[in-house]
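Grab a coffee and open the viewer. Below are some short exercises, each with a worked solution to follow on screen.

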Amino acid sequence: MASDNKSAAAFRTIGEVAQATGLAPHILRYWESRFPQLRPITRAGSRRYYRPEDVALIERIDQLLNREGYTIKGVQQLLTREPVVPQADAAGAARSSRPAPVASLAAIRKLLADALDAD
């Protein structure tokens, strides 16, 4: 990120996100109008603060638009179909690669039940 002295969970300004992703600030503001999932926190004076999950979403949109050749409409449709799972880390792992919370809990429950049965 632009400020390496910030923690991974720290909020980022639009300038920091723009510098880290290589995208212009006006592109980020435009994407906010086109993608309802991208909603940074705004404070007094309309100053934007991006959470780590916002930055991960920006990186995902950038990947789809600029590297994989999707159109804006195609990315909008893709993002509406993807389950939104909050990310625990700021590394930017793909959201779709994470299991749904219910499935994870069911798997843990089964492991515990099997362990109790084996005991």
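What pLDDT does the protein chain average, and what share of the residues score at least 70?

**Solution.** Keep in mind that this is a predicted model. The protein chain averages a pLDDT of 82, and 81% of the residues score at least 70. Now go element by element: helix 2 (residues 25–34) has the highest mean pLDDT, 96, while helix 5 (residues 101–118) has the lowest, 81. Then look at residues 86–98, where the pLDDT is below 50. Beyond near neighbours in sequence, that stretch has 18 contacts in the model.

**Exercise 1. Work out the overall layout of the chain.**

**Solution.** Start by counting elements: the protein chain has five helices and three strands. Next, walk along the sequence and write down what comes up, which gives β-α-α-β-β-α-α-α. Then check burial: of the 119 residues, 30% are buried. Finally, take the contacts with a separation of 6 or more; residues 24 or more positions apart account for 45% of them.

**Exercise 2. Put the strands in order and find which ones sit at the edges.**

**Solution.** Take the pairings one at a time.

- Strand 2 and strand 3 (residues 47–50) run antiparallel and are joined by three bridges. Two of the partnerships to look for are Arg-43 with Arg-47 and Ile-41 with Tyr-49.
- Strand 1 and strand 3 also pair in the antiparallel sense, over two bridges. Here Thr-13 stands opposite Tyr-49.

Put the pairings together and you get an open sheet in the order 1-3-2, with antiparallel pairing. The edge strands are strand 1 (12–13) and strand 2 (41–43), since each pairs on one side only. As a last step, see what packs on the sheet: helix 3 (residues 52–67) touches strand 1 and strand 3, and its direction makes about 85 degrees with that of strand 3.

**Exercise 3. Inspect the turn between strand 2 and strand 3.**

**Solution.** The two strands form a hairpin, with three residues between them. Check the backbone angles in the turn. Gly-45 has a positive phi of about 75 degrees. Ser-46, in the loop between strand 2 and strand 3, has a phi near 60 degrees, a positive value in a residue other than glycine. Is Ser-46 buried or exposed? Its relative accessible area is 54%, so Ser-46 is exposed, given that the cut-off for exposed is over 50%.

**Exercise 4. Find out what helix 1 turns inward, then follow its last residue.**

**Solution.** First list the buried residues of helix 1: Ile-14, Glu-16, Val-17, Ala-18 and Thr-21. These pack against strand 1, helix 2, strand 3 and helix 3.

Now zoom in on Thr-21, which belongs to helix 1 (residues 14–21). With a relative accessible area of 18%, Thr-21 counts as buried, because the limit is under 20%. Its side chain reaches the backbone nitrogen of Leu-23 at 3.4 Å. Leave aside the neighbours within four places in sequence, and Thr-21 is in contact with Ile-58 and Glu-59. Right after helix 1 comes Gly-22, with a positive phi near 80 degrees.

**Exercise 5. Hunt for aromatic pairs and classify what you find.**

**Solution.** A pair of aromatic rings is described by two things: how far apart the centres are and the angle between the planes. The count comes to one aromatic pair. The ring centres of Trp-31 and Phe-35 are 6.5 Å apart and their planes lie at 85 degrees, so this pair is edge-to-face; the cut-off for that class is over 60 degrees. Then check burial for each partner. Trp-31 counts as buried at 4% relative accessibility, and Phe-35 is buried as well, at 0%.

**Exercise 6. Which residues does Asp-62 contact, leaving aside its neighbours within four places in sequence?**

**Solution.** Begin with its location: Asp-62 lies in helix 3. Next, burial: at 7% relative accessibility, Asp-62 counts as buried. Last, the contacts outside those close neighbours: Leu-23, Trp-31 and Arg-67. You've already met Trp-31, as one ring of the edge-to-face pair.

Technical notes:
Residues numbered from 1 in each chain as written. Heavy atoms only, no water. Pairing = 2+ DSSP bridges. Helix = DSSP H or I, 4+ residues; strand = E, 2+ residues; numbered from the N terminus. Contact = heavy atoms within 4.5 Å. Axes fitted to C-alpha atoms, helices over the stretch in contact; angles between N-to-C directions. Phe/Tyr/Trp six-rings, centres within 6.5 Å; stacked < 30°, edge-to-face > 60°. Buried < 20%, exposed > 50% of the residue type's maximum accessible area, 1.4 Å probe, protein only. Polar contact = N/O pair within 3.5 Å; in protein donor to acceptor, adjacent residues only side chain to side chain. pLDDT = per-residue confidence, 0-100.
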